[in-house]
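Me: I am new to this structure and would like a close look at a single part, namely its interior and the helices that pack there. Please take it slowly and explain each term as it comes up.

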Amino acid sequence: MSNVENVCPQVLRGVTKELRRLAANPPAGIKLVLRDDDITDVVALIDGPADTPYAGGVFRVRLCLGREFPAAPPRAVFLTRIFHPNVSSSGEVCVNTLKRDWRPELGLEHALLAVKCLLIAPNADSALNAEAAALLRDRYDDYFARAKLYTDIHAGAGAAAAAAEGDGDGEGEGGPRVKRERRAGAPPARDKRRILKRL
């Protein structure tokens with residue numbers, strides 16, 4: 001749902017300018033997916049940081065700008081499923097930078113970097129996913145394995161390519177998608193899904 005008509009025209013011009021700048025010179029590991037019809041609904045592809053269970057994944061994140069933006073922070077939502085203590089099952093993000101520590105001068109780049117930093121340093125103290133927070137605190141190896149499994153299934157190369165191509169209807173611009181070959185030695189995705197259901 002578009003929020004363009006609810007945002008001040010001066011703010012829209014500033015957002016448009018910042019989005020153009022970010023598209024031309026994006027922060028490392030972040031790529032914007034721009035929409036011409038609604039600039040208050042910003043989607044970005046964030047590469048999973050190295051040395052984390054999210055490495056190798058590409059995560060779709062939406063920043064929704066409300067009518068009070070930039071006085072109020074954008075609302076961040078993971079569109080890609082992720083196992084993380086600060087991300088709810090519906091994808092909502094809890095990070096102080098986008099809550100009580102927000103300042104109007106921070107801007108969209110700072111909001112995207114805050115979400116990416118959350119992948120590097122999860123905070124079990126402000127959890128939206130209690131199970132992930134408990135595993136992070138008490139059994140890190142189990143947390144890492146579960147988060148890596150979610151990453152492989154939902155944000156791996158095949159999932160990220162499918163998400164980037166469209167809405168998952170099975171067809172890209174050139175007709176039906178070709179079935180991808182499985183990596184040698186990697187378990188089939190349905191086996192990973194069975195494992196995930198048991199968890």
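Reply: In the protein, residues 24 or more positions apart account for 55% of the contacts with a separation of 6 or more, a contact being a pair of heavy atoms within 4.5 Å. This is a predicted model, in which local features need pLDDT of at least 70 and side-chain atom pairs count only at pLDDT 80 or more, while totals for chains, interfaces and linings use all residues. Residues are numbered from 1 along each chain as its sequence is written, and side-chain values use heavy atoms, with hydrogens and water left out.

As a frame for the interior, the protein has six helices and six strands, where helices (H or I, at least four residues) and strands (E, at least two) are DSSP runs numbered from the N terminus. Followed along the sequence, they give the pattern α-β-β-β-β-α-α-α-α-β-β-α. Of the 199 residues in the protein, 41% are buried; buried means under 20% relative accessible area, exposed means over 50%, and partly exposed lies in between, with a 1.4 Å probe and protein chains only.

The interior itself is best approached through its largest nonpolar core, which has 42 residues, those with the most contacts inside it being Val15, Phe78, Leu108 and Tyr143. Helices and strands both build this core, since at least two residues each come from α1 (9-24), β1 (30-33), β2 (41-47), β3 (58-64), β4 (75-78), α2 (107-120), α3 (130-138) and α4 (140-155). Among these elements α2 gives the most, with six residues. A nonpolar core is here a set of buried Ala, Val, Leu, Ile, Met, Phe, Trp, Tyr and Cys residues joined through side-chain atoms within 4.5 Å. In soluble globular proteins, nonpolar side chains tend to be buried together.

Tyr143 is a good place to begin within the core. Once its neighbours within four places in sequence are set aside, Tyr143 is in contact with Pro53, Tyr54, Phe83, His84, Pro85, Pro122, Ala132, Leu135 and Leu136. Where α3 meets α4, the residues involved are Glu131, Ala132, Leu135, Leu136 and Asp138 in α3 and Tyr140, Asp142, Tyr143 and Arg146 in α4. By class, this contact has five nonpolar, no polar and four charged residues, with Ala, Val, Leu, Ile, Met, Phe, Trp, Tyr, Cys and Pro counted as nonpolar, Asp, Glu, Lys and Arg as charged, and the others, Gly among them, as polar. The axes of α3 and α4 come within 6 Å and cross at roughly 135 degrees; axes are lines fitted to C-alpha atoms, for helices over the stretch in contact, and angles run from 0 to 180 degrees between N-to-C directions. The two helices α3 and α4 are therefore oblique to each other, given that angles under 35 degrees count as roughly parallel, over 145 as roughly antiparallel, 65 to 115 as roughly perpendicular and the rest as oblique.

Val15 and Leu108 lead to another pair of helices. The axes of α1 and α2 come within 8 Å and cross at roughly 55 degrees, which makes α1 oblique to α2. Val15, Glu18, Leu19, Arg21 and Leu22 of α1 make this contact with Gly107, Leu108 and Glu109 of α2. Sorted by class, the contact of α1 with α2 has four nonpolar, one polar and three charged residues.

The charged residues at this contact deserve a closer look. Side chains of opposite charge can pair when their charged atoms come close. The structure holds eight salt bridges, each a side-chain nitrogen of Lys or Arg within 4 Å of a carboxyl oxygen of Asp or Glu. One of them joins Arg21 to Glu18, with the closest N and O atoms 3.7 Å apart, and because these two are three residues apart in helix α1, about one helical turn separates them. Arg21 also forms a salt bridge with Glu109, where the closest N and O atoms are 3.3 Å apart. Arg21 lies in helix α1 and Glu109 in helix α2, so this pair ties together parts that are 88 residues apart in sequence. Glu18 is buried, at 16% relative accessible area, whereas Arg21 is partly exposed at 41% and Glu109 partly exposed at 25%.
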